[in-house]
Structures are given as structure tokens and as C-alpha cells.
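Notebook open, coffee poured. Today I'm looking up salt bridges and how exposed their partners are.

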Amino acid sequence: MLRQNGLTPAQFEEDMREDTARSLLQVAVLGGLQPDQAIAEALVAYQGETRDFSILTLTEADLPTGLPAPEEADLVAHYEANPGRFTRPEARRITYAWVTPAMLMDDMEIDEGALRDLYEARADLYRQPERRLLERLVFIDEAAAEAAFAAIAAGETDFDTLVAERGLSLEDVDLGEVARGDLAAEAAEAIFSDTESEIIGPVQSVLGPALFRVNAVLDASEVPFEEAEEELRAELAAEAARRVIDDLRDPVDDLLAEGATLEELAADTEMRLGAIELTPASEDGIAGYDAFREAARLAEEGDFPELLELSDGGLFALRLDEVVPPTLPPLDDVREAVAESWRAGVLREQLAARGETLVGQLATGATLESLGSVSAEAEVRRQDFIPDAPPTLVAQVFRLSQPGDVVLVPGADRALIARLDAINPAARDDPTTQILTQIIGQSVAQSMAQDIFEGYGQAMQAEVGIRLDQSMINAVHTQFP
């Protein structure tokens, strides 16, 4: 073994001594390290604290005068102040020719005999025999099986209890869907001839005497050819279309090699011509194919079209006509988007202003409940999230110092006024808190150990005069493949 690893006995022994010495040194440096429990306790107290608070929600309906309609000057000012919101991303104007099996399926002639042959080949799918959902509990001998059956019949026990007494789970005895042919002859006859009993047995199974529990009876079913014909025809038509497309590959390659344009391909073959202004948001039609988007991204103006494959067996070729840089369209072209953006900004501002007014009323003696409908949240943790609320709500509530303090939290379409009702310290007897204490204690100990050992290593390097050039190490690493 040493020879296979390129070592001599002396080298191996030296490696072992060095490993042992390193372990002894690490134990000596870190042994007995006990982090101050107060650190973990403080972190647990911080992390385990919960808060109760009440929320008053303000929406557009709570604005006394509602939102004003934008004037033309408002739209112009908003459009000019926020060009980035309305600038259209870079687009690639692309002409393409493509063909997919779905385009050709309707033109495929399918022989009636082929449909019936496929139907017969799928007989197991379209003709389901009568089945049972079964569980089977096997016994060591016939007497034990009979005694168990008698105990169930007398009400002294049940099937689940017998399974548990054997140290098994219901998954262990579950057979799933079973047809007559899946069982031994005696068991199949007993189970499929009895349509009333839940527990059947004892009968001889392939593993010995057994009791069977019937959980459901699934009647035999058959999908006639006439009902399956449309599905079968679509499958055969798709296969035929893919064969046509495969036969099309070489002729199209030859035409492209001869300098044919995409327009000529569409005129001379089954391929269809199309054009698209492709952006990162495009996903309709051919833009829904990953292969097309990747080819369009890599295309350069002047490239010769290349025949490529689509994931469904189709083919395409494309030509990059123009790269349209990001452009800011005229206001008239994006007037609706500008109006919506202006309205959202004004709504946020007015909700915040209304909230500030109500906070002022609270400061002069009004109660939160007197200002509107209030909802309550209890025992909220720092990492919790309140549905339909601004994501900063919980963090802002935890910045409040005393019960009764309030904070205004503006959002996109609503503003919330939150009042702190109670500060609940971490429950020390809660199992979750105890687990958290252990985790944090271990984390603190590991962090301290890592820092101490790293500091010790740096001191050793300084003492013996070793200096590591990290920039050189990084440069070497960048050379590795």
C-alpha cells in the first residue's frame, strides 16, 4: 500500500508523527477554551425576543380627497425626471425561418391500421383489469395467521395493531394496486371473489400464510379506440412530422451552403419566415425556445444563417438585421405607463402624508383604535414576515423602545402605522429557546477557537520570520484550470 502511494515506511512514519504533533499543538492551544456564557445568553435574549403590536392600515380609500388626475405638465415632468423607467432595453431585430412538428402535424396522413396497431400496443394503458389496493401481513405458519384473524373478528385487536406488534410500518406491508395476475392463485381467488370483506385470510401467498386488508376496489376500465383515436393520431402525426423535418435537414443545409436567403428557404421548403424584435423579456413564439434565444444573443450582423435545432425536434435559422440600442420612446408612446408611474408615486406620497397627520394626532392624545380599523399581531419574532405588509415593518417595530411607541411604515400602495403593545422576553423554558442557546453557544465557541488559532498561527509566523505573499498566491491560483 505504501509503494502504491509513493511512500517509504520512514516517510509514512514521519507523516504520522507530524499529524500527531499538529493535533497535540491544536489541543494545547485550544484545550479548555470556555466562552463566556453571557455572550450566548445575550444573543439568545436578542434573537428570542418577540413583540406584540397593532397595525392601522391606510389605503387610497382613506385619503380625504382621493388622488387627483394628472395634468399634462405633471406627466411631462415625471417623464423627464425618470427616463430610466421608460427606456426600452436593447433589442435585436431578427429575421428567422423555422419549422416545428406542430406546424406539420395537420398535414400528415395517418393510416387507420397504424392507429389500431398502436392502440393494441398500448393495451395495458387503455384496458385496465379489476384491481385492489392491498396490504399484506405474513405469518410464520397457518396457526398464527388463523389466531390473528380470529382476534380481529372478535374485536380483540385490529390490523394496524398486528402490524405494529411485528415491528413493521404500514409502508412495509403495503402492496399498492394489485391485479389478479399479481397474486398467487389461492390468494387471487379469495381476494377477487370477495367484494364485501375488509380483512381476508388466512390465504397462502408467495411468502406464506397471510392476512390481506382491502383498502379500495378499482373496477376494470377500458378506453375504447374511438376515444383514444385523437390522442393516438396526434402522437403518430408528431412522429411523422419529425421524420419529415429530419429529411429536410440536408436539403436546407445545402441551400444555406449555396447562399440561399431565409426568404428563399421559406419559399422553397416547409420552413416559415418570421421576424421578431427580441428583448430579454421576449418569450412568445420562437422566443420561448432556449436554443433560439442563445443563438440570437451570439449572432453578429453579417453572419451567414446556420441551421440549428429546437428542443421539440424543429429546425430554425436566423439573421441578425439590426441591434437597436436602449431608447427612450416619445411620451405619447408611453403615456399610459407614465401616468401609472406618476399615480403610484403620488399615492405613496399622499399615504405617507396622511400617516404623518395621524401620527401627529396620536401624539396629542388620540388612540389608534379611534382612527380606524386596527389589526393585532402577537409574539412576532425578528425574522418573521407579515403578509401584505412592507418588508421593513417588523424591523421598524423592533426599533421601538417602549410599549405605546408608534412608527409610520410607508409602502407602495399602503401605509401602516404600527404601535408597540408589548415586549416579550425569550422564554427560557421553551424547547426552541433551549436549542437556540445550544446552537449559539457552539457557534460562539467555534468562532473564538478559529480566531485564537489563527492568531496563534500568525504569531508563530512572525516569530520565525515567515511571510506569505497573498497577492502572489492568488496570482498562482488564477493560473490553475
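A cut-off to keep at hand: I call a residue buried when its relative accessible area is under 20%, exposed when over 50%, and partly exposed in between. Also for the record, this is a predicted model.

Entry one, the tally. I looked up the count and got 27 salt bridges in the structure. As background, side chains of opposite charge can pair when their charged atoms come close.

Entry two, R419 and D421. I found their side chains meeting in a salt bridge, 2.9 Å from N to O. Is R419 buried or exposed? R419 counts as buried because its relative accessible area is 18%, and the cut-off is under 20%. Its partner D421 comes out at 31% relative accessibility, so I put D421 down as partly exposed.

Entry three, R93 and E277. This salt bridge has an N to O distance of 2.8 Å. The pair ties together distant parts of the chain, 184 residues apart: R93 sits in strand 2 (residues 91–99) and E277 in strand 9 (residues 272–278). I checked exposure too: R93 is partly exposed at 35% relative accessible area, and E277 is partly exposed at 43%.

Entry four, E294 and R297. Here I read 2.6 Å between the closest N and O atoms of the salt bridge. Both residues lie in helix 14 (residues 290–298), 3 residues apart, which is about one turn of the helix. E294 has a relative accessible area of 37%, so I logged E294 as partly exposed.

Entry five, a network. I noted that salt bridges link E13, E14 and R17.

Definitions and conventions
Residues are numbered from 1 along each chain as its sequence is written. This is a predicted model: local features need pLDDT of at least 70, side-chain atom pairs count only at pLDDT 80 or more; totals for chains, interfaces and linings use all residues. Side-chain values use heavy atoms; hydrogens and water are left out. Helices (H or I, at least four residues) and strands (E, at least two) are DSSP runs, numbered from the N terminus. Buried means under 20% relative accessible area, exposed over 50%, partly exposed in between (1.4 Å probe, protein chains only).
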